[in-house]
Amino acid sequence: MNDMRVPVLVEHAPPPSASASSARRPPPPSAAGPRIAAVRCALPPHRYAQHELTGPIGDLCLSPGADRALLHRVHASAGVRTRHLALPIERYARLGDFGRSNDAWLETGLELGEEALSGALREAGLAPADVDLLVFASITGVAAPSLDARLAGRMGLRPDVKRIPLFGLGCVAGAAGLARVHDHLRGHPDDTAVLLTVELCSLTLQRGDGSRANLVAGALFGDGAAALVARGGNTDGGSGSGSGSTVAPASGPRVVATRSHLYPGTERLLGWEIGAAGFRVVIDAGVPDIVRGHFGRHLRAFLAEHELTVDDIGTWICHPGGPRILSAVSETLGLSEEALDCSRRSLAAVGNMSSVSVLHILEGIRARRAPQPGTWGLLLAMGPGFCSELVLLRW
């Protein structure tokens with residue numbers, strides 16, 4: 001993984017033919033599908049300008065007297081202005097082993113998860129007892145019982161709430177989690193489902209590791225949590241299932257369709273090496289080349305199944321993996337300069353928050369000015385595997 005070679009992809013099967021695509025085409029957009037009712041993010045109170053973190057992170061990762069030229073370059077070019085951290089920056093030197101870092105993830109993650117989930121339910125006009133499915137994603141800490149199970153009793157979710165804790169998806173989990181929520185609600189149109197993501201990336205920073213990957217992670221990633229509430233097609237204007245609450249029709253977009261894709265031979269491009277010190281990041285320089293060489297083709301084929309093209313998408317919600325990833329996506333799709341502005345604004349304001357980021361972008365879009373009715377949107381992310389996830393939306 002350290003030689004930065006770009007793997008040669010061998011597809012196991014050709015793209016589906018037009019007839020095969022037509023045969024599996026989902027119901028038309030007019031059919032009542034799941035609708036996003038609310039999105040709410042929660043950020044830790046410890047907010048820093050990028051330049052305030054460069055020195056302390058160098059002290060954590062580099063030996064005394066080490067050359068800091070690379071450190072300063074990656075911090076300056078990360079596209080990040082400010083970030084929120086789970087802990088005050090001076091506490092990271094005292095974390096010690098993986099156990100203490102994970103304890104901090106659990107404590108802070110519960111607080112932020114509760115804040116995000118409570119806010120999203122309040123925005124949707126629902127109570128915790130209205131939740132039928134809770135999908136939880138995080139790749140920056142581990143616990144059993146999982147964080148979602150601990151939140152269920154703490155927040156008053158029903159004892160029969162269905163739970164799906166996800167681990168290992170990384171940055172793609174915000175999109176993949178929404179896709180799995182869509183799958184459930186298509187089969188259970190009377191249900192309410194919640195996606196909760198908690199990522200405290202700063203707690204995975206490896207002390208004494210001056211590798212380029214660790215320095216890039218220390219320049220790029222931020223911390224936060226997000227919750228998304230989605231309701232099945234039969235619930236528009238209906239009542240919550242568990243609380244007797246009456247909710248107004250959701251104004252968010254419907255989820256029309258989703259698509260997952262694994263890229264063979266790329267398993268070592270992105271992820272973690274897990275050892276005694278915890279999660280050591282793996283970020284290969286070949287990721288943008290995979291995006292340029294293959295991602296656009298699969299995205300266009302997905303849109304074509306719905307008789308759409310790139311030009312039909314009015315709102316892009318792209319995970320801000322970093323400036324090089326955003327540039328690769330823009331180039332391979334031929335997007336206008338401003339198409340990914342929402343992603344760049346999110347990256348600048350809070351950094352790359354892994355699975356939380358696409359939900360942070362979606363929250364920002366809803367807060368500023370919702371797209372006009374009928375607007376097509378595409379929410380997309382990439383992550384370990386190497387994989388991509390696409391979620392087609394319509395307002």
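Reader: Hi! How are helix 10 and helix 11 set relative to each other, roughly parallel or roughly perpendicular?
Author: Happy to help! This is a predicted model, and in it the axes of helix 10 (residues 341-350) and helix 11 (residues 357-368) cross at roughly 110°. Angles from 65 to 115 degrees count as roughly perpendicular, so helix 10 and helix 11 are roughly perpendicular to each other.

Reader: Nice. And within what distance do the axes come?
Author: The axes of helix 10 and helix 11 come within 10 Å.

Reader: Is that crossing left-handed or right-handed?
Author: Helix 10 and helix 11 make a right-handed crossing.

Reader: New topic: pockets! How much space lies in the largest pocket?
Author: The largest pocket holds about 940 Å³ of space. It is lined by 49 residues, and those closest to its centre are Val 216, Leu 220, Phe 221, Ile 283 and Gly 321.

Reader: Which element gives the largest share of that lining?
Author: That would be helix 7, with eight residues. Other elements giving two or more residues include strand 10 (278-283), helix 8 (287-304) and helix 9 (323-333).

Reader: And how many of the lining residues are nonpolar, polar or charged?
Author: The lining of the largest pocket has 31 nonpolar residues, 14 polar ones and four charged ones.

Reader: Ok, one more. Where is Glu 331?
Author: Glu 331 sits in helix 9.

Reader: What does its side chain make with the side chain of Arg 292?
Author: The side chains of Glu 331 and Arg 292 make a polar contact, at 2.9 Å. In sequence Glu 331 and Arg 292 are 39 residues apart, while their C-alpha atoms are 7.4 Å apart in space.

Terms used. Residues numbered from 1 in each chain as written. Predicted model: local features only at pLDDT ≥ 70, side-chain atom pairs only at ≥ 80, totals over all residues. Heavy atoms only, no water. 1 Å grid on protein atoms, 1.4 Å probe; cavity = no way out; pocket = protein on both sides within 12 Å on 5 of 7 lines; lining within 4 Å. Points joined across faces, edges and corners; volume = space filled by probe spheres on them. Helix = DSSP H or I, 4+ residues; strand = E, 2+ residues; numbered from the N terminus. Nonpolar A, V, L, I, M, F, W, Y, C, P; charged D, E, K, R; others polar. Polar contact = N/O pair within 3.5 Å; in protein donor to acceptor, adjacent residues only side chain to side chain. Axes fitted to C-alpha atoms, helices over the stretch in contact; angles between N-to-C directions. Parallel < 35°, antiparallel > 145°, perpendicular 65-115°, else oblique. Left-handed = near helix turned anticlockwise from the far one by under 90°.
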